[in-house]
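Student: Pick a single helix in this model and walk me through how it sits against the rest. Please keep the cut-offs explicit.

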Amino acid sequence: MHYDMKRMGVIIQEARIAHGMTQSALAEKIDVSLRTVIAIETGKRNPTFEVLYKIIRELNIPADLIFRPDDVPGTPEQEQFVQEFRDASEQEQRVA
């Protein structure tokens with residue numbers, strides 16, 4: 001299984017933005033520094049299991065989005081949701 005920290009960082013960043021949360025607010029909620037959140041979102045730092053767990057819970061990220069290898073596609077419904085979410089306006093993403 002190939003583990004892509006940049007991909008994980010993008011997923012976290014997109015979920016944070018969809019929740020209308022700043023990096024500072026996320027850092028405060030999960031009790032880490034702003035620098036840590038920035039490094040995780042840019043793929044420069046691998047979060048500890050505890051921090052990753054807090055992020056997943058805080059942002060309601062399905063764990064399979066983080067742990068699923070790139071070469072294993074999701075269900076057609078999951079792939080459709082992801083595509084529609086990416087195509088949605090910022091307002092629609094916040095509502096979702």
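**A close look at α4**

Tutor: The cover over the buried residues of α4 includes α1, α2, α3 and α5 (63-67); helices here are DSSP runs of H or I, at least four residues, numbered from the N terminus, buried means under 20% relative accessible area and exposed over 50% (1.4 Å probe, protein chains only), and contact, which decides the cover, means heavy atoms within 4.5 Å. Bear in mind that this is a predicted model: local features need pLDDT of at least 70, side-chain atom pairs count only at pLDDT 80 or more, and totals for chains, interfaces and linings use all residues. Residues are numbered from 1 along each chain as its sequence is written, and side-chain values use heavy atoms, with hydrogens and water left out.

So who's buried? In α4 that's Val51, Leu52, Ile55, Ile56 and Leu59. They sit on the same side of α4 because they cover an arc of only 135° around the axis, taking directions from the helix axis to the C-beta atoms. Over on the other side, Phe49, Glu50 and Arg57 are exposed.

Now for the partner α1. From α1, Met8, Ile12, Ala15 and Arg16 meet Leu52, Ile55 and Leu59 of α4. By class, the residues of that contact are six nonpolar, no polar and one charged; Ala, Val, Leu, Ile, Met, Phe, Trp, Tyr, Cys and Pro count as nonpolar, Asp, Glu, Lys and Arg as charged, the others as polar.

Leu59 also reaches beyond α1: leaving aside neighbours within four places in sequence, its contacts include His19, Met21 and Leu26. Right after α4 comes Asn60, with a positive phi near 55°.

Technical notes. Helices (H or I, at least four residues) and strands (E, at least two) are DSSP runs, numbered from the N terminus.
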